[in-house]
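Me: Can you walk me through this two-parter, informally, with some questions and answers?

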Amino acid sequence: MVEGNMQLAVAQEGRVIAGEFLTFTLGGEEYAIDILKVQEIRGYDAVTRIAGAPEFIKGVINLRGIIVPIVDLRVKFKAGSAEFTPFTVVIILNVGARVVGVVVDGVSDVLTLAPEQIRPAPEFASAIGTEYILGLASIAERMLILLDIQRLMSANEMALVDEAIL
Amino acid sequence: MSFDMSQFHEVFFEESREHLESMEALLLGVDVLHPVSEDLHAIFRAAHSIKGSSSTFGFTDLAELTHVMETLLDLVRNNAIALTEEMVDACLAAGDVLRNLIDAHQGHGDPDHTAADAIRVRLAGLADNAPRAGGAELTAHGDSRRARVYQLGFAVSAGDARAEQGVENLLGELRELGDVLEARAPQDGEREWRVKLASDVDPETLRSVLDFVADSASVTIEQLSGAAASQVSSVESYGFFDAAPGAPASEESAYGFFDPLPDAAVPAASEPADEAYGFFEPITPPAAPENGSAADGSYGFFEPMPERPVSELLTAAQTAVRVEPEAAALATLATSNPAATREPAARQSGKGDSGSIRVNIERVDQMINLVGELVITQAMISQAAGALDPVLFERLHNGIALLERNTRDLQESVMSIRMLPISTVFNRFPRVVRDLSSKLGKKVELVTSGEHTELDKGLVELISDPLTHLIRNSLDHGIESPERRREAGKSEGGRINLRAYHQSGNIVIEVADDGGGLNRNRILAKARERGLPVSDNMADQDVWQLIFEPGFSTADQVTDVSGRGVGMDVVKRNISSLGGRIELDSMLGVGTRVTVRLPLTLAILDGMSVDIAGETYIIPLDYVVESLQPTPAMLKAVSGVERLLDVRGEYLPIIDLHEAFDTPGERRGFESGIMVILESDGTKAAAFVDSLIGQHQVVIKSLEANYRRVAGISGATIMGDGHVALILDPQQLVSMARRAGHPAD
């Protein structure tokens, strides 16, 4: 029953999710997000810590005059070590009307995925709720996890948004 | 008129709204029994302007309604009929209908044609049935303002229905200016209209009137007779740009404003009672009658006005100031005339049509943003240069100091563009109070003060809804019914005071009523009913805060005005989203006062930067009383924890900002750092920081735009080195200290 629902969901969303994706790595895992949500990619800079924020929110930075919160996805997804190397990058995302930066281990490339390349994700327990995974795509030996980044970033558990606004 | 007019529609809508607004303000202010004729004229002009432009733009529904309104107002202003309360009501209602129509034309909502028809009938009925007053004066409308006779010719695009309407309006306009002696429609084969006009306006004015409707190229203006050609009446009036014919010298000479009138003057004014120069407003130039006993020399500058016949003028001579209040009041700029300058100038203020331009607010905002960036850059340069040797780089330092001052000046002047007087908000409340008090059967007087207090345009727009709500609340719940008031030994009429003023970088708006006040016990009972945690010994202040809880209402009955409990929480939320605070004082039986405090602007703040465990925070300077290094003797422990600071005998709670912001690293002893004494709403607290860094003017950036509200933080800013620093919210910190809590609680 659950399986059937999932397939239906993907069938409905398949059209929406196909397109160009930006892939990035978190530890050994590869993720992909809709490229239209990406504003820019920049190096990791010093952030200003915010008191009382969850551990995965590193703080805020000044992005040409606007204050942008930075989320460390490695901490959130418990993937890879949260160390900062010269390759550590911040992907600045435009989700809804908001600008958010996410820290990832590295950006790999931009791929075009056809609907048939995308498989529904099975139900499984992970640090990321499956509702934020649009599907899985396999390119040769690699498995890409397609993230619904907009949904993830506006989720309550990300603590990026005031609850009153939701 | 063949080109596309739609590009001007926005301007038309905006202007019409302004006219409606000023008309409404005047209608509300007018004393029905003793209307000031200047006000009546202004009301008429507002209606007339809307009518004129709406028919030009082809909004016939607007034009039709304003036409009826104008007819009524014209009768009133000419003293043909007496102003009644009913007319004021009808005109106000018509204003509402017009607003609805304008909205509909702009694509918001549907036009309410039934209402428009109804109000039109109502206005027309008033105009027809009203008792005629001062019939003699009506005849005054007429003869003597034709210093010159013009032959006008102009053409309009043929066969255009709108053009025909335009011509009709134009003729109406010309009748305003003078007497149309002859108006000949285009004959076969030609397109030209021929109009013979007797008027004392200058040709330029005529041309501008004609150009508005006719094809500019076709306009011809021929002056058939000059200023002296006034054979029509015994009274002469003087055109403004033209030299007046020599008149018998009088004791008091008057001078025209741009051009001296040769030998000028009030002819044979042996007893000049008063002279006045109208500048922008049309005034009556009654000049001097031949018998020489008069009086009131006025020069119409831009628009002539009907004159009164000699018979009436004799009366006018005795009571010149009363009869011609508009002329007297306008006589402000004629400095060469001491008689004129001694007249009160007050009424002129606020009406001065000084040079202003309409600028899209986005452009202004863009400018403000750029200046904000400039301030940051300037701070960055200052900081970088601070490391350089002040002797070797003296000139650089001087230049930077200059740059700093100029940047600040620039910033201030740019910010002031956005500043509007709060009267733009207050002006709507007399209407609200008037309508509501009659609906509720209460007598309420609204007293406003501090209307000239300026605040940011953005705030003006956002504050108006919460304020309206507060006023409605005061009216509905605050002020009691006349019977109840009488029983309580108060005057029957309630009073709402609306006050605005500046206080230490904030704008404070108070809404105070002398009504029944909040009932503490009822609020507590209601709160218990709703399961809120309350106790009988709560401080009054805390009890009042309960009414800001969502869904909280103690109203006995739900009226359509208020009482559904939707409201105060929304008001509070709106105001805090503007960075403001709301406070409430109340005394049972005496009244309630709601105080709203708002930051002056949304963008700039004077702040003190402090270091807390290596992190930089900004404390708004307005809240800082003093800073001091505590000695062990000043620190007082309560139950083993140092929680109080003894400042000259005053015990202040200590807010350890390290704890509040959960900074990494070891805690330091209080003696090793600095205590910053903060004061908010009369409550003081000592904030513990490691060291003070300096004072800056910072540009406030929203943290909530991309993130969310953080306890104890009101926003963020960008420091000279490009880093983000968080701005503390002292008010919140102080109230947290009172509860001895942790910001995360």
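Here come a few questions with short answers.

Me: Before we start, what kind of model is this, and how are things numbered?
Reply: Residues count from 1 along each chain as its sequence is written, chains are lettered from A and ligands numbered from 1 in the order in which they are written, and side-chain values use heavy atoms, with hydrogens and water left out. Local features need pLDDT of at least 70, side-chain atom pairs count only at pLDDT 80 or more, totals for chains, interfaces and linings use all residues, and the model is predicted.

Me: How many helices and strands are there in chain B?
Reply: Helices (H or I, at least four residues) and strands (E, at least two) are DSSP runs, numbered from the N terminus. By that count chain B has 23 helices and 24 strands.

Me: What share of the residues in chain B is buried?
Reply: Buried means under 20% relative accessible area, exposed over 50%, and partly exposed in between (1.4 Å probe, protein chains only). Chain B has 745 residues, and the buried share is 47%.

Me: Which residues of H14(B) are buried?
Reply: H14 covers residues 394-417 of chain B, and its 24 residues reach 35 Å from first C-alpha to last, close to the 34 Å expected at 1.5 Å a residue. That expected span is 1.5 Å times one less than the number of residues. The buried ones in H14(B) are Ile400(B), Thr407(B), Gln411(B), Val414(B) and Met415(B).

Me: Which residue stands opposite Leu498(B) in E11(B)?
Reply: Two strands pair if DSSP finds at least two bridges between them. E10 (residues 494-503) of chain B pairs with E8 (residues 444-449) of chain B in the parallel sense over six bridges, with Glu445(B) opposite Arg495(B). E10(B) also joins E11 (residues 506-513) of chain B, antiparallel, through eight bridges. Across from Leu498(B) in E11(B) sits Val511(B).

Me: Now chain A: why is one side of E8 and of E9 left without a neighbour in the sheet?
Reply: Six strands of chain A make an open sheet with mixed pairing, ordered E8-E1-E2-E11-E10-E9. E8 (106-113) and E9 (118-119) of chain A each have a single partner strand, so one side of each lacks a neighbour: they stand at the edges.

Me: Which residue stands opposite Leu22(A) in E2(A)?
Reply: E1 (residues 19-26) and E2 (residues 29-34) of chain A run antiparallel and share six bridges. In E2(A), the residue facing Leu22(A) is Ile33(A).
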